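Notebook open, coffee at hand. Here is what I looked up today.

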Amino acid sequence: MTQRASKLVIVTEKVLLKQIGKIIDAAGATGYTVVDAGGKGSRNVRSSGQPSVSDTNSNIKFEILTPNREMAVKISDEVAAQFFDNYSGIAYLCDVMEVLHAHKF
């Protein structure tokens, strides 16, 4: 069984992990994936001058599959309103053509 979905990607500072996780849960998402991320953006290179994925100043990337665009936008709007004025971050949406093995989604 497959189904369509929206994927919200949020890249932000690792210190926000628990707070953003709570926003995702409160919106009704069934889960999310978090991976370490490093790189360079409008606020320059993170930490020691090199892209980093190993320390507490590094970034993380959330990937959240939502059953509809509205839930993804709700999560994104809440995260941006609470954190993006004071922390680095970006959020973007991707259309998912099919979620494979969607019995738990």
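Is T12 buried or exposed? I found T12 buried, because its relative accessibility is 1%; buried means under 20% relative accessible area, exposed over 50%, and partly exposed in between (1.4 Å probe, protein chains only).

A note on the source: this is a predicted model, where local features need pLDDT of at least 70 and side-chain atom pairs count only at pLDDT 80 or more, while totals for chains, interfaces and linings use all residues. Residues are numbered from 1 along each chain as its sequence is written, and side-chain values use heavy atoms, with hydrogens and water left out.

Next I placed T12: it is in strand β1, residues 3-13. Strands (E, at least two residues) and helices (H or I, at least four) are DSSP runs, numbered from the N terminus. I then listed what T12 contacts (heavy atoms within 4.5 Å). Leaving aside neighbours within four places in sequence, these are I20, N59, I60, F84, S88 and G89. For S88, I noted its backbone oxygen 2.6 Å from a polar atom of the T12 side chain.

I20 led me to helix α1. Its buried residues are I20, G21, I23, I24 and A27. They sit on the same side of α1, because they cover an arc of only 160° around the axis; the arc is taken from the directions from the helix axis to the C-beta atoms. Their cover includes β1, β5 (59-66) and α2 (69-83). On the face turned away from the buried side I found exposed K18, K22 and A26.

Last, I checked both ends of this stretch. L17 belongs to α1 (residues 17-27) and is partly exposed, at 33% relative accessible area. After α1 comes G28, with a positive phi near 100°.

Note on methods
Polar contact = N/O pair within 3.5 Å; in protein donor to acceptor, adjacent residues only side chain to side chain.
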